[in-house]
Amino acid sequence: MALHFRRAAEDLEIWIASSDDYSFVISSESRSGPGLHGEPGFVASYRPDFLNMPAAQVSGSPFSTFAEAEQACNAFLGRLIIEG
């Protein structure tokens, strides 16, 4: 099952997607300027919906492009489902 990201906020570069059991977020970050501050790039994170725990970064974050972050989220979801 592929994740389908949608923009979560008009004024910030944040996209969300979810599967049956996991939620994913991709955010664009920069050292300065509007929005989220951090290491420049696209940061991907996930959280199991069935556990009350904070989000964890997808390995490899930050990514250079949104497409790389999206691909990593889909690959990570595949691993979670197999190991689940």
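These are my notebook entries on a predicted model of a single chain.

**Entry 1: overall layout**

I started with the secondary structure and got 1 helix and 6 strands for the chain. Reading from the N terminus, I wrote the order down as β-β-β-β-β-β-α, with the helix at the end of the run.

Next I looked up the overall dimensions. The C-alpha trace spans about 40 × 20 × 20 Å along its principal axes. I also checked the radius of gyration: a compact globule of 84 residues would come out near 12 Å, and the chain has 13 Å, so the two agree.

For the surface, I noted about 5300 Å² exposed by the chain, with carbon and sulfur atoms supplying 51% of that. Of the 84 residues, 32% count as buried. I then took the contacts between residues at least 6 apart in sequence, and 29% of those join residues at least 24 apart.

**Entry 2: the nonpolar core**

Which residues touch the most other members of the largest nonpolar core? I found Phe5, Phe24, Ile26, Val58 and Cys73, out of 18 residues in that core. The elements giving two or more residues to this core are β2 (14-18), β3 (22-30), β5 (41-48) and α1 (66-83). Helix α1 gives the largest share, 6 residues.

I picked phenylalanine 5 for a closer look. Setting aside neighbours within four places in sequence, phenylalanine 5 is in contact with Trp15, Ile16, Ala17, Phe24, Ile26, Phe66, Glu70 and Cys73. Three names on that contact list, Phe24, Ile26 and Cys73, I had just written down among the core residues that touch the most other members.

**Entry 3: aromatic pairs**

I ran through the rings and counted 8 aromatic pairs. One of them is phenylalanine 42 with phenylalanine 66: the ring centres are 6.2 Å apart and the planes sit at 80°, so I logged the pair as edge-to-face. The cut-off for that label is over 60 degrees.

What does this pair tie together? Phenylalanine 42 is in strand β5 and phenylalanine 66 is in helix α1, so the pair links parts that are 24 residues apart in sequence. I checked the cover on each partner as well. Phenylalanine 42 is at 15% relative accessibility and counts as buried, while phenylalanine 66 is at 22% and is partly exposed. The line between the two labels is 20%.

I also found a cluster in which ring pairs link Tyr22, Phe24, Tyr46, Phe50 and Phe76. Phe24 turns up here again, after its entry in the core.

**Entry 4: salt bridges**

How many salt bridges does the whole structure hold? My search came back with 2.

The one between glutamate 39 and arginine 31 has its closest N and O atoms 3.6 Å apart. Glutamate 39 is partly exposed at 44% relative accessibility, and arginine 31 is exposed at 59%.

The one between aspartate 49 and arginine 47 has its closest N and O atoms 3.7 Å apart. Aspartate 49 is partly exposed at 35%, and arginine 47 is partly exposed too, at 30%.

**Entry 5: a cis peptide bond**

Most peptide bonds are trans, which is why I flagged this one. Serine 61 and proline 62 are joined by a cis peptide bond, with omega at about 0°. I placed proline 62 in the loop between β6 (56-57) and α1.

**Entry 6: two residues looked up singly**

Is serine 27 buried or exposed? Serine 27 lies in strand β3 and is buried, at 7% relative accessible area. Leaving out neighbours within four places in sequence, serine 27 is in contact with Glu13, Ile14, Leu36, Gly41, Phe42 and Val43. Phe42 on that list is the β5 ring from the pair in Entry 3.

Then I went to alanine 55, in the loop between β5 and β6. Alanine 55 counts as exposed at 51% relative accessibility, where the label needs over 50%. With neighbours within four places set aside, alanine 55 is in contact with Ser45, Tyr46 and Arg47. I also took the separation from serine 23: the two C-alpha atoms are 8.8 Å apart, for residues 32 apart along the chain. Arg47 from the alanine 55 contacts is the arginine that pairs with aspartate 49.

Technical notes. Residues are numbered from 1 along each chain as its sequence is written. This is a predicted model: local features need pLDDT of at least 70, side-chain atom pairs count only at pLDDT 80 or more; totals for chains, interfaces and linings use all residues. Side-chain values use heavy atoms; hydrogens and water are left out. A nonpolar core is a set of buried Ala, Val, Leu, Ile, Met, Phe, Trp, Tyr and Cys residues joined through side-chain atoms within 4.5 Å. Buried means under 20% relative accessible area, exposed over 50%, partly exposed in between (1.4 Å probe, protein chains only). Helices (H or I, at least four residues) and strands (E, at least two) are DSSP runs, numbered from the N terminus. Contact means heavy atoms within 4.5 Å. Rings of Phe, Tyr and Trp (its six-membered ring) pair if their centres lie within 6.5 Å; planes under 30 degrees apart count as stacked, over 60 as edge-to-face and the rest as tilted. The radius of gyration is taken over C-alpha atoms; the globule rule is 2.2 Å times the number of residues to the power 0.38. Accessible areas come from the Shrake-Rupley method with a 1.4 Å probe; for residues, only the protein chains shown count as cover. A salt bridge is a side-chain nitrogen of Lys or Arg within 4 Å of a carboxyl oxygen of Asp or Glu.
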